[in-house]
Amino acid sequence: EINLQCNLCDKKAFLKAQKSKKIHIYQCHIGLYEAIAPIIDDDVVIGYIMVGQILDDRPIGSQWDLIKQKCKAYGLEANDYEQAFFELQQLQKSKIEAISNIMCACSAYIWLKNIIHIERGGLFLRIDSFIRNNLKNKISQEDICKAINISKTTLYNCLISNVNMSTTNYIQKLRLEKAKLLLTNPNIKIHEVADEIGIDDYNYFSRIFKKAYSMTPSSYRKNKLKLPT
C-alpha cells in the first residue's frame, strides 16, 4: 500500500512539473521533501532529475513523531525504519531550493550537450500516426497533445517544419486523402465515406472536397470508376 502511494505521489509531482515546465518542490505523502527538475527539449519534457527524502530544519523529534503517525496507517513498525529516518539529511528550505536550482542547471546542461534528445522525425511520425488512426473521431489539438505528451506549441512547430501546415489543415488533408481512397470502393455510399473520415455533415464534406480537388465526391467516384454520367 505504501509503495502504491509513493508511486501515485511521484506521478502527481511529475505531472505538475510537466505542466509548469519548472522545478517542483513538494512534500511526499509521509512528509519528506522531494524536488523534480524537468529536462526540456524545444518545449517538450523529455526527462526529469529528481532528488528526494529530505527533512527540513524543524526539530527532528517532531518530524519523527509525524512520520511514525503516518507510517502507522500503513501497518509499518517504527523499529523497521527508525535508523533509516535518522540518517536522512536535514536542510533549511532555502538550501532545498538551492539544490533544486542546481538540478535545473544540470537539466539545461543535459539538453545543451545532447545527452538526451528526441528524434524530431519520430515525433512527426507519432503525430501523423495518431491522426490517421483517429480520423473517424473528432480530433482536437488537445487530444493530440495529450496522447503524444507535447504542448500545442510543439505540435504546431512540428507540423509547420514537416508539412508546412497548421494542425487543422493537416487533419483535413489526411481526411480528404482517405476519402479519395474510400470513394474508389463502389460498395461504400458517399455519406458513409463522410462518416468514415469524421465528418457528419455531407454538404460540408462535399464542399471542402470540391474546393480541394475541383470536383464533387460523386464526380470523383465516377471519374475513377469510369461510371456513366
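This is a short tour of some helices, ring pairs and single residues in one structure. Keep in mind that the model is predicted.

Let's start with two helices that meet. Helix α2 covers residues 60-72. Helix α3 covers residues 78-86. They pack at an angle of about 145 degrees. Their axes are 11 Å apart. The crossing of α2 and α3 is right-handed.

Which residues of α2 and α3 meet? On the α2 side, we have Ile60, Gln63, Trp64, Ile67, Lys68 and Cys71. On the α3 side, look for Ala78, Tyr81, Glu82, Phe85 and Phe86. What is the make-up of that contact between α2 and α3? Eight of its residues are nonpolar, one is polar and two are charged.

Now to the aromatic rings. How many aromatic pairs does a search of the whole structure find? Ten. I'll show you two of them.

One pair sits in the contact we just saw: Trp64 with Phe85. Their ring centres are 5.0 Å apart. Their planes are at 40 degrees, so this pair counts as tilted. Trp64 belongs to helix α2 and Phe85 to helix α3. The two are 21 residues apart in sequence, so the pair ties together separate parts of the chain. Are these two residues buried or exposed? Trp64 is buried, at 8% relative accessible area. Phe85 is buried as well, at 3%.

The other pair is Phe205 with Phe209. This one is edge-to-face. The centres are 5.9 Å apart, with 65 degrees between the planes. Both residues lie in helix α10, which covers residues 202-213. They are four residues apart there, so about one helical turn separates them. Phe205 is buried, at 0% relative accessibility. Phe209 is buried too, also at 0%.

This pair belongs to a wider group. Ring pairs link Tyr202, Phe205, Phe209, Tyr213 and Tyr220 into a cluster.

Let's stay with α10. The helix has twelve residues. How far apart are its end C-alpha atoms? The answer is 16 Å. That agrees with the 16 Å expected at 1.5 Å a residue.

Which residues of α10 are buried? They are Phe205, Ser206, Ile208 and Phe209. What do they pack against? Three helices: α8, α9 (190-196) and α11 (217-225).

Take Ser206 from that list. This serine lies in helix α10. Its relative accessible area is 15%; the cut-off for buried is under 20%, so Ser206 counts as buried. Set aside residues up to four places away in sequence, and Ser206 touches Thr216 and Pro217.

Next, helix α8, one of the partners of α10. Helix α8 runs over residues 167-183. That is 17 residues. From first C-alpha to last, α8 reaches 24 Å. The expected value at 1.5 Å a residue is 24 Å, and the helix comes close to it. Its buried residues are Thr167, Tyr170, Ile171, Leu174, Arg175, Leu176, Ala179, Leu182 and Leu183. Notice that a charged residue, Arg175, is among them.

Now we leave the helices for strand β3, residues 44-54. Met50 is in this strand. Met50 is partly exposed, at 34% relative accessible area. What does Met50 contact, leaving aside neighbours within four places in sequence? The partners are Asp10, Phe14, Tyr26, Glu34, Ala35, Ile36 and Met103. Look at Ile36 in particular. Met50 and Ile36 are 14 residues apart in sequence. In space, C-alpha to C-alpha, they are 4.5 Å apart.

Last topic: backbone angles. Most residues other than glycine have a negative phi. Here are two residues with a positive phi.

Gln53 is one of them, with a phi of about 60 degrees. Gln53 is also in strand β3. It is partly exposed, at 47% relative accessible area.

Asn149 is another, with a phi of about 65 degrees. Where is Asn149? In the loop between α6 (141-148) and α7 (152-163). Asn149 is partly exposed, at 36% relative accessible area.

That ends the tour.

How values were computed:
Residues numbered from 1 in each chain as written. Predicted model: local features only at pLDDT ≥ 70, side-chain atom pairs only at ≥ 80, totals over all residues. Heavy atoms only, no water. Expected span 1.5 Å × (residues − 1). Buried < 20%, exposed > 50% of the residue type's maximum accessible area, 1.4 Å probe, protein only. Axes fitted to C-alpha atoms, helices over the stretch in contact; angles between N-to-C directions. Left-handed = near helix turned anticlockwise from the far one by under 90°. Contact = heavy atoms within 4.5 Å. Phe/Tyr/Trp six-rings, centres within 6.5 Å; stacked < 30°, edge-to-face > 60°.
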